[in-house]
Amino acid sequence: MTFELSQSLSRLFRESVMPKPPPLRLGVNVDHVATLRNARAGERPDPVRAALAAIAAGADGITAHLREDRRHIRDDDMARLKAEISKPLNFEMAATEDMLKIALATKPHAVCLVPERREELTTEGGLDVVGQHNALAPFIARLNDAGVRVSLFIAAEPRQIEMAAKLRAPVIEIHTGAWCDAVVDGHAAKAEAEWQRIVAGAKLARSAGLEVHAGHGLDYATAETIAGLPEIVELNIGYYMIGEALFVGLAETVRAMRAAMDRGRKTLESARLDVASKA
């Protein structure tokens, strides 16, 4: 065996011990640009303009939630986003026939099914795919048949993850709200428990063949932390970024979030190389 071949085989073995994680994508949610616009019932600020600015600054995709009460994003926003942005559109919505018709007409890159209650200020928890599997199965099948990727916004609970796989949804998005809230509130024990649940859930989902995304309540610090999980390939972040944009501008906020995610991924890569060097 030549020295070069020996070195090549050694490198392949080391990389197989801890494979390189996939790139981490950033999806920017523009809902709250529309919230601000709707406060005056006018046309500005325009969420489509915000989406274009976010993409120009490095966002990998745009997320928008069309709620049944149209409290922020409107039907024409979805149509314009699909027509005008150059990156994937992630259409968040409740699993209703009305929303299904709009999604099939819009044909976004992806649909993320979320729970929705009229009285909630924001999405309060994950979708109960176990309790609603009979209703969700044909709904997911119709979106799959139309070539729309389906993501289920769920808690990092084993039974929910396992049901998501059975329902043939190719993607899940882990609800990170409880963890993020505990971190911000300084509840260390709760934050650690929620974090460990996310870690285990991401591993279980990936082993079940699901693509794993995460979102809700993330800021620079929590985004950097969760970027260190190799199973996670996309973060969807909105409210925090729109708030920060008031002070430094949307482009700078996108760049700062991208940098935080890259720092988290770099830590993961350093750990991978360290393990590989010792193998």
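**Figure 1. A salt bridge within helix α12 of this predicted model.** At 39% relative accessibility, Asp262 counts as partly exposed. Its partner, Arg258, counts as buried at 18%, because the cut-off for buried is under 20% relative accessible area. The two side chains form a salt bridge in which the closest N and O atoms are 3.2 Å apart. Asp262 and Arg258 both sit in helix α12, 4 residues apart, or about one turn of the helix. An α-helix has 3.6 residues a turn, so residues three or four places apart point the same way.

**Figure 2. Arg263 of helix α12 reaches helix α10.** Here the side chains of Arg263 and Glu224 meet in a salt bridge, with 3.1 Å from N to O. This pair links distant parts of the chain: Arg263 belongs to α12 (residues 250–278) and Glu224 to α10 (residues 220–226), 39 residues apart. Both partners are partly exposed: Arg263 has a relative accessible area of 42%, and Glu224 has one of 27%.

**Figure 3. Asp98 pairs with Arg70.** In this salt bridge the closest N and O atoms are 3.7 Å apart. Asp98 lies in helix α5 (residues 97–106), while Arg70 is in the loop between β2 (61–65) and α4 (75–84), so the bridge links distant parts of the chain, 28 residues apart. Asp98 is partly exposed, with a relative accessible area of 40%, and Arg70 is partly exposed as well, at 24%.

**Figure 4. A network of salt bridges.** If you would like to see charged side chains joined beyond a single pair, look at Arg25, Arg149, Glu211 and Glu234, which are linked in a network. Side chains of opposite charge can pair when their charged atoms come close. The count for the model comes to 18 salt bridges.

**Figure 5. The second largest pocket, with a volume of about 420 Å³.** Its lining is made of 16 residues, and the closest to the pocket centre are Val33, Leu36, Pro45, Ile242 and Leu246. Helices α2 (31–38), α3 (47–56) and α11 (239–248) each supply at least two lining residues, with α11 giving the most, 5 residues. By class, the lining has 10 nonpolar, 3 polar and 3 charged residues.

**Figure 6. A cis peptide bond between Arg44 and Pro45.** Omega for this bond is about 0 degrees. Pro45 is found in the loop between α2 and α3, and it is also one of the residues closest to the centre of the second largest pocket.

**Figure 7. The buried face of helix α7.** The buried residues of α7 (residues 158–166) are Gln160, Ile161, Met163 and Ala164. Seen down the helix axis, they fall within an arc of 165 degrees, so they line one face of α7. What covers them includes α6 (133–145), β5 (149–154), β6 (171–175) and α9 (188–207). Just after the helix, Arg168 takes a positive phi of about 65 degrees.

**Figure 8. Two loop residues with positive phi, Lys107 and His216.** Most residues other than glycine have a negative phi. Lys107, in the loop between α5 and β4 (110–113), has a phi near 55 degrees. His216, in the loop between β7 (211–215) and α10, has a phi of about 110 degrees. Lys107 is partly exposed, with a relative accessible area of 41%; His216 is partly exposed too, at 23%.

Notes
Residues numbered from 1 in each chain as written. Predicted model: local features only at pLDDT ≥ 70, side-chain atom pairs only at ≥ 80, totals over all residues. Heavy atoms only, no water. 1 Å grid on protein atoms, 1.4 Å probe; cavity = no way out; pocket = protein on both sides within 12 Å on 5 of 7 lines; lining within 4 Å. Points joined across faces, edges and corners; volume = space filled by probe spheres on them. Nonpolar A, V, L, I, M, F, W, Y, C, P; charged D, E, K, R; others polar. Salt bridge = Lys/Arg side-chain N within 4 Å of Asp/Glu carboxyl O. Buried < 20%, exposed > 50% of the residue type's maximum accessible area, 1.4 Å probe, protein only. Arc of directions from axis to C-beta. Contact = heavy atoms within 4.5 Å.
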